[in-house]
Amino acid sequence: MVASEATPYAKTGGLADVIGALPVALASRGEQVAVVMPLYREAAPLLDGAARAYDSLPVQLGTAPWNVNVRSVENRGVTFYFVERPDLYDRPELYTEAGADYPDNHIRYGVLCHAALAVAKRLFRPDVIHYHDWQASLCAPLMRVHLAGDPTYYGIKLLLTIHNLGYQGLFPASSLTDLGLDRNLFHPGALEFHGSVNLLKGGIVYADAINTVSRKYAEEIQTHEYGFGLEGLLQSRSADLHGIVNGVDYSEWSPECDRYIAHHYSAEDLSGKRECKADLLRTFGLPADNVGRPLIGMVSRFVSQKGFDWIEEIAGELVREDVAIVAIGSGESRYEQMFRDLAAAHPDRVAIRIGYSNEIAHKIEAGSDIFLMPSRYEPCGLNQIYSLRFGTVPVVRATGGLDDTIDESTGFKFEECSGTALLTAIRAALVAFRDRTRWLSIIQAGMNKDFSWNASAAAYSALYRQLGG
Ligand code: ADP
Ligand code: GLC
């Protein structure tokens with residue numbers, strides 16, 4: 001597998017959760033899996049004892065040498081190879097800093113892909129290269145076009161997983177030369193997209209098979225509304241397009257054993273959940289008397305994908321309900337400001353943390369009554385699935401993985417793209433909250449769902465076999 005993030009080494013979102021867990025689930029089914037990812041600054045403290053797998057692995061972009069060192073660790077049956085190149089990866093953030101993408105991101109991920117193919121040549125010979133999102137997509141044209149004559153790669157199959165079609169890796173046409181790519185790839189049947197280089201498009205065109213992270217999103221991305229301009233291409237590959245829903249690493253995300261929450265609890269004994277709620281209120285500096293009110297939680301990147309404009313639209317009306325709200329996230333300053341204003345206007349019932357904290361994310365999952373995830377689109381979404389296990393009832397828009405994983409017995413869904421529809425769904429949840437018997441049955445139905453990786457890993461194994469013949 002080739003990817004740009006994986007827990008516990010580096011994370012900005014759900015991709016990291018998947019790359020941290022899926023390979024391990026595959027390994028426990030008997031697959032041999034290696035992951036290639038960059039050695040970022042935030043991974044370094046975890047790699048003290050890492051082996052030097054290869055010094056000065058040859059990597060070349062055109063005529064420019066970009067040799068890398070490769071470090072490796074074994075983690076629960078999986079080899080993680082880290083591409084060490086401090087000038088590219090030893091930075092404060094993964095992709096963007098102060099709101100702007102690193103200007104050399106095409107080089108950073110171009111080097112990752114070249115290095116991954118060199119790992120496949122010298123360190124780990126795979127049957128399938130399974131590459132994720134735009135950051136790893138260059139693997140496909142590199143292998144199929146640039147290395148087409150190298151027998152090392154004969155027989156290797158290419159599987160792309162799209163975790164989010166909204167991020168395609170668009171770069172100016174000149175980046176083709178920086179990446180050492182053949183000029184012939186710059187046409188609409190390959191990497192060109194309206195005059196730019198589109199790396200994800202290259203990943204789609206040259207893949208043997210493609211999948212995305214829920215069944216519904218696999219359908220949606222073939223439509224104009226969700227296709228971000230690639231719907232035609234995806235339609236043309238529909239025979240090779242699969243939807244495999246993500247799983248959950250329940251060793252990380254379960255109220256019975258969670259290492260961050262104040263009290264453990266289970267579907268049979270929910271008493272600890274109230275303690276978690278009190279602890280969450282304390283953590284956010286909200287008065288303890290909120291414990292009787294429905295507490296709405298959010299953990300998210302603050303981007304328009306996640307439906308924050310609808311929250312902005314209804315915030316005034318929402319706080320007129322008898323609710324308390326806690327949220328953690330960061331992203332677009334407009335949404336950060338919206339939450340700051342809301343908290344300033346209602347300091348006794350609304351609190352916000354701008355930033356990233358895994359510990360607080362866990363506390364919100366456990367201590368909230370309702371989890372809000374009104375995404376415009378959502379390829380899979382993990383927080384709503386974590387919420388189910390924590391007995392925190394999701395209110396979601398019926399799109400992508402949210403629609404596939406939440407049903408009427410476990411949460412509240414709305415379809416229409418509007419603040420009004422969102423508010424109606426929240427109000428329905430608040431009515432249910434006041435009916436203790438009904439609420440308990442919703443909580444327990446969610447807690448009893450099983451989204452462990454077993455089933456999804458089996459589906460990936462089957463897809464690898466189908467590709468490999
Ligand atoms: P996406 O990958 O689109 O951001 P997902 O729901 O798939 O959405 O995954 C988000 C992951 O990132 C979850 O594990 C969630 O807990 C985590 N996360 C998002 N924002 C934060 C934050 N501010 N602090 C801690 N964890 C966060
Ligand atoms: C992306 C998507 C999210 C998905 C995650 C892991 O970040 O936005 O819906 O859960 O990838 O597949």
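Hi everyone. When I say a residue surrounds a ligand today, I mean that one of its heavy atoms lies within 4 Å of that ligand. One more thing before we start: this is a predicted model.

Let's go to ligand 1. How many residues surround ligand 1? There are 22 of them, and the closest are Lys11, Gly14, Asp17, Arg301 and Lys306. Asp17 is a nice one to pull up on your screens, with a polar side-chain atom 2.6 Å from an oxygen atom of the ligand. The backbone takes part too. Ser357 places a backbone N or O atom 3.1 Å from a nitrogen atom of ligand 1, and a polar backbone atom of Leu382 sits 2.9 Å from one of the ligand's oxygen atoms. As for the surface, ligand 1 taken alone exposes 570 Å², and the protein buries 93% of that.

Where does that shell come from? The elements that give two or more residues to the shell around ligand 1 are helix H1 (14-28), strand S16 (295-302), S17, helix H13 (358-367) and helix H14 (383-389). Which of the elements gives the most to this shell? That is S16, with three residues. For those of you thinking about chemistry, the shell around ligand 1 divides into eight nonpolar, nine polar and five charged residues.

Since S17 just came up, let me stay with that strand for a moment. S17 covers residues 324-331 and runs parallel to S18, residues 350-354, with five bridges joining the two. To find one pairing in the viewer, pick Ile328, whose bridge partner in S18 is Arg353. Add helix H12, residues 333-345, and you have a β-α-β unit made of S17, H12 and S18, and the unit is right-handed.

Now over to ligand 2. Here 14 residues make up the surroundings, and the closest are His163, Asn246, Glu378, Cys380 and Gly381. Let me go through some polar contacts. Gln305 has a polar side-chain atom 3.5 Å from an oxygen atom of ligand 2. A polar backbone atom of Pro379 is 3.5 Å from an oxygen atom of the ligand, while Cys380 brings a backbone N or O atom to 3.0 Å from a ligand oxygen. Ligand 2 exposes 310 Å² when taken alone, and the protein buries 93% of that area.

Which element gives the most to the shell around ligand 2? H1 does, with three residues. Remember that H1 is also among the elements giving two or more residues to the shell around ligand 1. The residues around ligand 2 divide into six nonpolar, six polar and two charged.

Two single residues before I hand over. First up is Pro374, in the loop between strand S19 (370-373) and H14. Is Pro374 buried or exposed? Its relative accessibility is 2%, so Pro374 counts as buried, given that buried means under 20%. If you click on Glu415 as well, you'll find the two are 41 residues apart in sequence and 9.6 Å apart in space, C-alpha to C-alpha.

The other one is Asn105, which belongs to helix H3, residues 105-122. Why does Asn105 count as buried? Because its relative accessible area is 3%, and the cut-off for buried is under 20%. What does the side chain of Asn105 reach? It reaches the backbone oxygen of Tyr95, at 3.2 Å.

That's my tour. Thanks for listening, and I'm happy to go back to any of these spots.

Conventions
Residues numbered from 1 in each chain as written. Chains lettered and ligands numbered in written order. Predicted model: local features only at pLDDT ≥ 70, side-chain atom pairs only at ≥ 80, totals over all residues. Heavy atoms only, no water. Pairing = 2+ DSSP bridges. Helix = DSSP H or I, 4+ residues; strand = E, 2+ residues; numbered from the N terminus. Right-handed = clockwise from strand over helix to strand, strands pointing away. Polar contact = N/O pair within 3.5 Å; in protein donor to acceptor, adjacent residues only side chain to side chain. Areas by Shrake-Rupley, 256 points an atom, 1.4 Å probe, with all protein chains shown as cover. Nonpolar A, V, L, I, M, F, W, Y, C, P; charged D, E, K, R; others polar. Buried < 20%, exposed > 50% of the residue type's maximum accessible area, 1.4 Å probe, protein only.
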